[in-house]
Amino acid sequence: MRKGIVASALVLGLALGSAASAAQVEAVSASRLLDVASGKYVDNPLVIVTDGRITSIGKKGDAVPAGAKVVDLPGATLLPGLIDMHTHISALAEIGGYNSLQYSDRFWSVVQTANAKKTLNAGFTTIRNVGSDAFDDVGLREAIDAGYVVGPRIVTATYAIGATGGHCDSTFFPPSMDQKGPYNIDSPDEARKAVRTLKKYGAQVIKICATGGVFSHGDEPGQQQLTLDEMKAVADEAHMAGLRVAAHAHGAAGIKDAIRAGIDTIEHASLVDDEGIKLAIQHGTYFSMDIYNTDYTQAEGKKNGVLEDNLRKDRDIGEIQRQNFKKALKAGVKMVFGTDAGVYPHGDNAKQFAVMVRYGATPLQAIQSATITAAEALGRPKDVGQVAVGLYGDIIAVGGDPLADVTLLEHPVFVMKGGQVVRQP
């Protein structure tokens, strides 16, 4: 009898083990697939995703693996999951200025979970979060990766590094409040120490503030705040550790020194001059220019509590930034899609595509900035950015032709992240 029990247990164990190891297979078909590398459509595609990665791309009507979950999207276009290279996932645009002081410190770590879900449902399966207090973005990344929270893949910067009194410092309070950014640097040695510490606690990209900003107090966007030597120390230390560096830089001088220092992506680049554009092309530096959010901040900022001085700075540089986007793009600077989500509501990320097209980008260029080019800038072209064999099963679909109407990207009808369907008709 005991032998029979043991034998039954072995059979049951083998069966459970077989079930546990069975591959999860998804089969997705649609009317067309946009190959973002070539800009050409593949008609009637059938994409097979096994255990989170794309294993084949064939034609509708091809054999589907036994047990696969099938999703058919007639009339739709498949694209890679979108990438936003500049977000603040724990911020809320609806709470501006001093209104944030009505909430406790941990409030932001909670609301970021809702922001993450909105972002993923909007078709953004990967984001780079360039600045977060209290290592909130690291905790969110860990919760998403472990399956406890729904959200995109997050490349985390943790705290931004800035100069004392600069854009990334805390500048809205009197001395009696003793508020300061925890990772201020005022020398190359302090820069190296900050990079090492942030990497230790979860930074996967380093963010610095090279110039003044719009939503800080007591500075102007064009003012350089970190020296060339300080920025070079950050870049050298980060690159030695295998990390890339993003520089908040509005002003022309700060942009040029950031490029010379070896910074990988320039955020905002609002006041870039001709020399800065040439340097970016020579060094292969990417620009991430958030040219949509001014529409939101000028319409809603006052109501949300944004101070008039910040709205004034936003007005001063908004159109200049858009014209410089047009100039840099035409000159051949590599553009990545970065929106500054958190300055406007999360989930509206795709509204920037239409603004990019309005200021000179083709629909394909705009889409490439949020797919293949963004993946290159992340250093992850073998994981994300295309619908291709071997990459993650990050796939979205829109109900029509996005090369004819880029605003279709604002309303995806299907979203899959790593083989998991998170939105469908």
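How many of the 10 residues of helix 6 (residues 252-261) are buried? In this predicted model, seven of the 10 residues are buried, and helix 6 is accordingly described as mostly covered. The buried residues of helix 6 are Gly 254, Ile 255, Lys 256, Asp 257, Ala 258, Ile 259 and Ala 261. The elements that cover them include helix 5, strand 10 (244-249), strand 11 (265-268), helix 7 (274-283) and strand 12 (286-288). Helix 6 is followed by Gly 262, a residue whose phi is positive and lies near 100 degrees.

A positive phi is also found in residues other than glycine, and two of these may be described in turn. His 268, which has its place in strand 11, shows a phi near 85 degrees although this residue is not a glycine. With a relative accessible area of 4%, His 268 falls under the 20% limit and therefore counts as buried. Asp 51, in the loop between strand 3 (45-50) and strand 4 (53-59), has a positive phi of about 50 degrees and is likewise not a glycine. Here the relative accessible area is 54%, which is over the 50% limit, so Asp 51 counts as exposed.

At the level of the whole chain, the model is divided into domain 1 (25-80 + 386-423) and domain 2 (82-378). The centres of domain 1 and domain 2, taken over C-alpha atoms, are separated by 30 Å, and the contact between the two takes 23 residues from domain 1 and 22 residues from domain 2.

The largest nonpolar core holds 70 residues, of which Ile 206, Ile 208, Ile 266, Phe 287 and Phe 353 touch the most other members. Helix 5 (residues 228-240) gives the most to this core, with five residues. Because domain 1 and domain 2 both give residues to the core, it lies between them. The surroundings of Phe 353 can be listed in detail: when residues up to four places away in sequence are not counted, Phe 353 touches Leu 82, Phe 124, Phe 337, Ala 366, Ile 367, Ala 370, Val 406 and Leu 409. Apart from the largest core lies another core, of 15 residues, among them Val 28, Val 49, Val 71 and Ala 397.

The second largest pocket has a volume of about 230 Å³. It is lined by 14 residues, and those closest to its centre are Ile 144, Gly 151, Lys 417, Gln 420 and Val 422. Helix 3 (136-145) and strand 16 (420-423) are the elements that give two or more residues to this lining. By class, the lining consists of seven nonpolar, four polar and three charged residues, and at least three residues are drawn from each of domain 1 and domain 2.

Leu 120, which lies in helix 2 (residues 107-121), is in contact with Thr 125, Val 150, Gly 151, Pro 152, Val 415, Lys 417 and Val 422, leaving aside neighbours within four places in sequence. Among these contacts of Leu 120 are Gly 151, Lys 417 and Val 422, which are also included among the residues closest to the centre of the second largest pocket. The relative accessible area of Leu 120 is 1%, and Leu 120 is therefore buried. Leu 120 and Pro 221, which are 101 residues apart in sequence, are 31 Å apart in space, C-alpha to C-alpha.

Methods
Residues numbered from 1 in each chain as written. Predicted model: local features only at pLDDT ≥ 70, side-chain atom pairs only at ≥ 80, totals over all residues. Heavy atoms only, no water. Core = buried A, V, L, I, M, F, W, Y, C linked by side-chain atoms within 4.5 Å. Buried < 20%, exposed > 50% of the residue type's maximum accessible area, 1.4 Å probe, protein only. Helix = DSSP H or I, 4+ residues; strand = E, 2+ residues; numbered from the N terminus. Domains from an automatic or database assignment. Contact = heavy atoms within 4.5 Å. 1 Å grid on protein atoms, 1.4 Å probe; cavity = no way out; pocket = protein on both sides within 12 Å on 5 of 7 lines; lining within 4 Å. Points joined across faces, edges and corners; volume = space filled by probe spheres on them. Nonpolar A, V, L, I, M, F, W, Y, C, P; charged D, E, K, R; others polar.
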